[in-house]
Amino acid sequence: MKNLDTTKIKNIVITGHSGCGKTALAEALLYRAGVIDRLGKSADGNTVCDYDPEETKRKYSINLSLAAFEYSDFKINLLDVPGLLDFAAATNEGLYAGDTVIICVSAKSGVHVGTVKAFQAAKKLGKHVLFVVTKIDDPNQDFYNTLNSLKEHFGAAVCPVIVPEIAGGQFKTLVHLGRMKSYTYDKKGVSVAADASGIVLNDKEGITADSLLDALSEAVAETSDEMMEKFFAGEAFTQEEISHGIHEAMRTGRAMPVFTVSCTNPAGCDLLLEFLKYMPDPSTAAPLTAFDKAEKEIDVKVDASAPVSAYVFRTVADPFVGKMSFIKVITGTLTPDKELINATTGATEKIGKLYSMLGKKQFEVDSAIAGDIVVATKISANTGDTLCADDRIIKYGAIKYPNATYRMAVKSGAQGDEAKISTGLQRLLEEDKALSFDLDVTTKEQILAGLGDQHLDVVKAKLKSKFGVDVILEEPKIAYRETIRKKVKVQGKHKKQSGGHGQYGDVHIEFEPCESETLIFEEKVFGGAVPKNFFPAVEKGLQDSVKKGVLAGCPVVNLKATLVDGSYHPVDSSEMAFKTAASIAFKEGMKQADPIMLEPIGSLKVSIPDAKTGDIMGDLNKRRGKVLGMEPVGEGITEITAEVPMREMHDFTMYLRQVAKGMGEFTFEFTHYEPLPSNLLDAVIASVNTNADE
């Protein structure tokens, strides 16, 4: 690709609800731009953007994909991101790198939770938004109901620009309201234009092009005082004024244009491509938050004249190519063989070759100017790192990722694969920042956490395909504990004679509850009943014993043991004998001291739409939760704070997604232990013993 200045670069993110036709739109735009010579289909596994083996197998997007191409002296970087909530990390990365966000909406199914979440995320990041209504040629489409729904959800700034003519419930032509032209398309997407004045857009409801033009003119009038005066004077805007007004209204956020396309012809993609040329370029984007060497917060605009700085917004762990780093250049010009400072780690990074991507295809480039997106291979930088010139050290703010709340224990499918599993997961953690992988020190299990069951299922499949290891994902064990409820005094005596030296140890120990996670040991022996040199052996015997209680073999907590008496033999007593005696005393003491099971309790904070608070409250009651409070945290959103047993929370991620339709979020962290209800004791003991046998 030839070198372009920043004003000729357009970074376009295609997002929306799952199944709304995002990848099909990217494919249609590439076809209409002449980049590819045939239209692929996700169902056939042959699209440019869904090239990962897991995507072709599952027939939906799971990764961010970059498709860069030139069109009419512009470079367009299309970022196709997933719609499923399980892969929201890739969506967040795409939104960070893009400047304009296309939100796809199906004319068949309309506005969904994915539409709303995409809009909220784009606006939160200050991105420019336009809507593209797809599947207009579906027999069950209802474009004008979808348009009304867009206005209801997102306000009067929703502004139709390209709309369909619907006759007899079927798509006929597309009408460009700004030009007042109708376009009839053949199967190859080639159009014939005609005058659209007076055309009836929907014969069912009597909607005309002239009536929608009034709404468009109102948006144009908002762009300047001059246009407003002309609008109120009843003067018609010229086509040039309308075209300029639409672009200005979008640039300032006063309007969010609505376009209509068919991705099968592809009808309307030529009009959309023309419009993309007028989208804001990176230099007009809102400044990025960064931190200088003194950790002082600064704003940085995309600027080709400043010292070079770039942000790594995505990493791909490719077993053949190596690590691929997707980079957006923020300032200056990035060139191969350039040495930069990794402001995140402080290390020096030498950039090798740079590539522009068209799906999985790589095209080497000799530079990337501010605002452009390129890929570097085999560099050590990770997602979220800032690369910059040594004469201006800055670090950009981090991308925000959703909480990894769905947890599963990872077990090897074959003996000896543990090291390969760890290596593979570390590579995938570099690629997917919504994953976490830790060792639970209490249960000794390796815990993999993600955004949902599909998310972890894809990780499991990638471990197999990329790193050749099978893993088994199981529900994690619960770290139960045991303790006592009353004070007792017991004797532990170990006496054994088998010729020669015997074994003799005798201790009297008081056991009582206390407020300590670890065993508290004291001695109050008078008169030398137990020599001092055996005290450490008694304590060691108790420390070993508290690792397994008498109910289910769980660790014992909140226990104080005081050695008060005992006896010894001058010849047969030994450290081992007193250690064994202490163990005997522990077991007897636990039985007599009213032992109970303790279960871990976590602190839950769940944010949900107001209309769903009743459902969540009822569910928390079923999970034995204690609701501590509720408070509004946003428009139509309530946060519920509760304490819930960890035993009851494994499936809460999937439950919340189902009930709140993807609009709920939560955090859940262990806080303390509480006594397990007696009616659950037998079931818990059985489950703990079953896990122990495995």
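Two strands are taken to pair if DSSP finds at least two bridges between them, and it is in this sense that the hairpin of the predicted model is described here. Strand 2 (residues 65-71) and strand 3 (residues 74-80) pair in the antiparallel sense over seven bridges, and within this pairing alanine 68 has asparagine 77 of strand 3 as its bridge partner. Two residues lie between the strands of the hairpin, where serine 72 adopts a positive phi near 55°. Strand 2 is mostly covered, with six of its seven residues buried.

Further along the chain, four strands form an open sheet with mixed pairing, in the order 32-33-35-34. Strand 32 (488-496) and strand 34 (520-523) occupy the edges, and because each has a single partner strand, one side of each is left without a neighbour in the sheet. From one strand to the next, the twist averages 25°. Within the sheet, strand 33 (residues 503-513) and strand 35 (residues 559-567) run antiparallel and are joined by eight bridges, with histidine 508 standing opposite aspartate 565 in strand 35.

Two helices accompany this sheet. Helix 12 (residues 535-545) packs on the sheet and touches strand 33, strand 34 and strand 35, its direction making about 150° with that of strand 34. Helix 13 (residues 575-592), in turn, lies across strand 32, strand 33 and strand 35, and runs at about 35° to strand 33.

Terms used
Residues numbered from 1 in each chain as written. Predicted model: local features only at pLDDT ≥ 70, side-chain atom pairs only at ≥ 80, totals over all residues. Heavy atoms only, no water. Axes fitted to C-alpha atoms, helices over the stretch in contact; angles between N-to-C directions. Contact = heavy atoms within 4.5 Å. Buried < 20%, exposed > 50% of the residue type's maximum accessible area, 1.4 Å probe, protein only.
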